[in-house]
Every structure is written in C-alpha cells, then in structure tokens.
Amino acid sequence: MENKFFYKFLENITKLDADNIKNILETFETERTIFKKILDILDDAFIVMDSEKIFYMNQRAKLLMISPNIKLPISFEEAYRFFGNKTLYDFLSIIKNKEGYEKTELIEHGKEDRFYEIEKFFLEDIYFIIKIKDLTETKKIELQLKNIESISALNTLAAGVAHEIKNPLTAIDLHTQIILKRIKNGLKVPDEIMEYIKTIDEEQKRLGKIVNDFLITSRKRELKLSLESINSIIDEILELLKPEFNENSITLTKEYEKIPDIFVDKDYLKQAILNIIKNAIEALQMKNEEKKIHIKTFYDKNTDSICISIIDNGIGIDQDKLQRIFEPYFTTKDYGTGLGLTIVYKVIKEHGGDIKVESHKDRGTSFSLYIPITRGAKLIR
Ligand SMILES: Nc1ncnc2c1ncn2[C@@H]1O[C@H](COP(=O)(O)OP(=O)(O)OP(=O)(O)O)[C@@H](O)[C@H]1O
Ligand SMILES: [Mg+2]
C-alpha cells in the first residue's frame, strides 16, 4: 500500500506544489519515526544488509553486537572494528553469503555461554534481514526447570524408598522389643549377646529417626489445624522428656503467660518444639556447671503472634555456624542427622510464623518460635 502511494507521489511530483510535497514528506517522516521506535523497542535484533554493506541495525542489534557508535550504512568489512561481539560478526560473515533461507542456533562460549537463534529473511533481490533472538535467559530458565523437576522427582523417589524401609524396620523394632522383654522376664543370654542386641536396638531406633525425619521434611502434607492451648502442648512434651531431664540433672523453669488458644497442627508443632528442647538438652550434656532450661510463652503485640521461647545455658553455637543450622543435614554431632531444625523451620513457616535465634558460645542459646494468631482464633477469643 505504502509503496503504491509512494510511487504515485513520485510520478506526480512535478504537478504538486511545495506545500503539498512538504505535507507528504512530513507524513513519511512521521511514519519512519514511528517504525524506527517500534523496531528499537523490540526484544529481537534486526539487521538489514546485503553481502557488502550493513544498512540498518535496530537498538537491540547494536546492543548484541556491542557496537553503540557505529555509523550506518557501513561496509561489512569496515564494520569489523566497531563490533565488540566478534563471534556474531564472524557468523554473519558466513551466513551473508549463503543462499536460501537460514535458521540456526549459535552458542557463544565464554565466562557464561550465550545462545542465539539466527534467521535470514530475503527482502528484495540482494537485500536481506538478519533476525537474532537472544535465547540465553530462556535456556537458563529451561535448565533450572529441568533441575527442579529432576530434584523433585528424586525427592519423591527417595520418599517412596524411605516409606518402604519403615515396614521392615517396624518388624525389626517389634522383634527386638520381644527379645528384650523375654530377657527382662528371666530368659538367660550371655552378656556378649546382650550387648549385640542392645546395639541392634540402638541402631534400628537411629535408622527409624532418620527415616521419619526425612519423611517429615520431604513430604508435602496439608496442615491439620485445630484450636489448641500452646501451654498444654509444651507440658505434654515435658512430661515425655521427664526421664531425660532427670538423667541429665537439668533444672527446668517455666514462665507461661495466659495466652489464647490458637489454630495449629498439633502433631507437627509438638515435633518442632520437641526438636528444639532435645537440642537444648544435648547442648547441656557437654556442660559441667548447673544445667538450666527456661521455657517462656507470651503474646507478642508487634507480630500479633504467640511466642514460645526455649532458653538453655549450654555450649552455644559458633557465630559462623549460626546461619547454617536450619540447612538439611547440617550437624555438629557424631550421631546427629541434622534434620531436627529443618523440620522446625518447615513447621513454623507452614504456620506462617517466624523463628529467632540468639546464641553465645559457651553461654547458651535461645530459640523463639512465633506463631501468628489466626483470624479464627481471634473470633473465638
Ligand atoms: N540449643 C543448641 N545449642 C547449641 N547448638 C545447637 C542448639 N540447637 C542446635 N544447635 C546446632 O545446630 C545443629 C543442627 O541442629 P539440628 O537439630 O538440625 O540437628 P542435630 O541436632 O545435629 O541432629 P538431629 O537431626 O538429630 O536433630 C546442631 O548439630 C548444633 O550444632
Ligand atoms: Mg537436633
């Protein structure tokens, strides 16, 4: 259409007066500016050339070629010194002389590999347009997605295997307990055999813990929420741990505020609090002075949350290790799995909460779990 109009204009140019010509040229210029703008904001690079010369490059092409100051038109040979990207220049010099339609992928090796898709379109006889699409970011995302997919597939597979291990493990546990019960009831076994049985029992318990912790961290499970009293949940855990407190001569102090019941996944939260108290006990086992654990619950106005603080005067955590403690499998213990705090993190985050840790080497550690008061709980309160 434009072409027809243009040639008609040329044919009739002698019959037009100066004002007419000016108007029409202005229209052409406006159109030219609009098209230039459009071409410059495109994500793909466009170069118009023939086998000898480059006539046009849009903004993206100048960026890709790293040739901000190039003056067009320019002979292809002369353009060499203006092009920062020599790989693309070399590639252009090959495809400019190739007959027919081309579409190729090009990899530019460097500190970071870059990927391009290059196409050649014929314009008129000798002219052609080169279109260059930068695929680097797309490839990166594709690769990440592939990694995520394979990691999650691996995780599902591992969770499946872990689950399968649980059945025979339960059988081993059951039979070990039967043997131990028989021995307790008078069955005579040599001391040496007794030691073996004890080792089997300890190791199967350890394996059971590893499998369970792994399943909790890897499994996707919807929270099962119910309205619970946090203070009672902590008391249930402390009841369970009573023998360990006595065995290690730990002094326990409690400071419970009267706090509203909140919606939580009781089993999950119990597991999280248990893991933190267990860590506190383990941090105290290596201490000689008086061993103390202080547990506090209160309402935190700033975050509109219930806070549970567990404070010990144990061995503390090195400053450089502090940021790693929530990582899966990070442990400083000979028999630790390093999943205890990963579980805590997962549980608290799934409740929409937050964790604060403070620790001083040889002086002790405090973990504070913040669980937001949910709307439902507020209504009931
Ligand atoms: N109260 C604490 N005092 C000192 N160090 C602690 C305390 N809590 C956690 N840590 C440090 O953080 C690490 C990670 O804790 P985490 O509970 O995740 O694993 P773990 O206790 O080593 O093994 P497990 O999987 O059996 O719990 C511990 O190995 C320990 O170095
Ligand atoms: Mg632990």
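**Exercise 1: The nonpolar patch**

Find which residues form the nonpolar patch on the surface, and which elements give two or more residues to it.

*Solution.* Start with the members: Leu154, Leu157, Val161, Ile165, Leu207 and Ile210 make up the patch, and together they have about 510 Å² of accessible area. Patches take residues with over 30% relative accessible area and no salt bridge, joining like charges within 9 Å and nonpolar side chains (Val, Leu, Ile, Met, Phe, Trp, Tyr) within 5 Å. Accessible areas come from the Shrake-Rupley method with a 1.4 Å probe, and for residues only the protein chains shown count as cover.

Next, the elements: helix H6 (136-184) and helix H7 (191-218) each give two or more residues. H6 gives the most, with four residues. Helices (H or I, at least four residues) and strands (E, at least two) are DSSP runs, numbered from the N terminus.

Now pick one member. Ile165 sits in helix H6 and counts as partly exposed, because its relative accessibility is 32%. The cut-offs are under 20% for buried and over 50% for exposed, with partly exposed in between (1.4 Å probe, protein chains only).

Before you go on, keep in mind that this is a predicted model, where local features need pLDDT of at least 70, side-chain atom pairs count only at pLDDT 80 or more, and totals for chains, interfaces and linings use all residues. Residues are numbered from 1 along each chain as its sequence is written, chains are lettered from A and ligands numbered from 1 in the order in which they are written, and side-chain values use heavy atoms, leaving out hydrogens and water.

**Exercise 2: Around ligand 1**

Work out which residues come nearest to ligand 1 and which elements give two or more residues to the shell around the ligand.

*Solution.* First look at the neighbours. There are 21 residues around ligand 1, and Lys209, Thr331, Thr332, Lys333 and Leu341 come nearest. A residue is near a molecule or strand if one of its heavy atoms lies within 4 Å of it.

Then check for polar contacts (pairs of N or O atoms within 3.5 Å; within protein, one must be able to donate a hydrogen and the other to accept it, and residues adjacent in sequence count only if both atoms are side-chain atoms). A side-chain N or O atom of Asn279 is 2.8 Å from an oxygen atom of the ligand. Gly338 has a polar backbone atom 2.8 Å from a ligand oxygen, and a backbone N or O atom of Leu341 also lies 2.8 Å from an oxygen atom of ligand 1.

How much of ligand 1 does the protein cover? On its own the ligand has 590 Å² of accessible area, and the protein covers 94% of that.

Finally, sort the shell. Helix H9 (266-285), helix H11 (340-350) and strand E13 (364-372) each give two or more residues, and H9 has the largest share, four residues. By type, the shell divides into eight nonpolar, nine polar and four charged residues. Here Ala, Val, Leu, Ile, Met, Phe, Trp, Tyr, Cys and Pro count as nonpolar, Asp, Glu, Lys and Arg as charged, and the others, Gly among them, as polar.

**Exercise 3: Salt bridges**

Count the salt bridges, then follow some pairs along the chain.

*Solution.* Side chains of opposite charge can pair when their charged atoms come close. The rule asks for a side-chain nitrogen of Lys or Arg within 4 Å of a carboxyl oxygen of Asp or Glu, and it gives a count of 25 salt bridges.

Take Asp44 and Lys133, whose closest N and O atoms are 3.6 Å apart. Asp44 is in the loop between helix H2 (18-41) and strand E1 (45-49), while Lys133 is in strand E6 (residues 128-134), so look for a link across 89 residues. Asp44 counts as buried because its relative accessibility is 15%, and Lys133 is partly exposed at 29%.

Move on to Lys254 and Asp235, with closest N and O atoms 2.7 Å apart. Lys254 lies in strand E8 (residues 250-256) and Asp235 in helix H8 (residues 230-247), so the pair ties together parts 19 residues apart in sequence.

Last comes the salt bridge between Lys270 and Glu236 (2.7 Å, N to O). This pair links helix H9, where Lys270 sits, with helix H8, home of Glu236, and the two are 34 residues apart. Arg60, Arg114 and Asp134 are joined into one network by salt bridges that share partners.

**Exercise 4: Ser305**

Decide if Ser305 is buried or exposed.

*Solution.* Locate Ser305 in strand E11 (residues 305-312). Its relative accessible area is 4%, so Ser305 is buried. A polar atom of the Ser305 side chain lies 3.0 Å from the backbone oxygen of Thr303.
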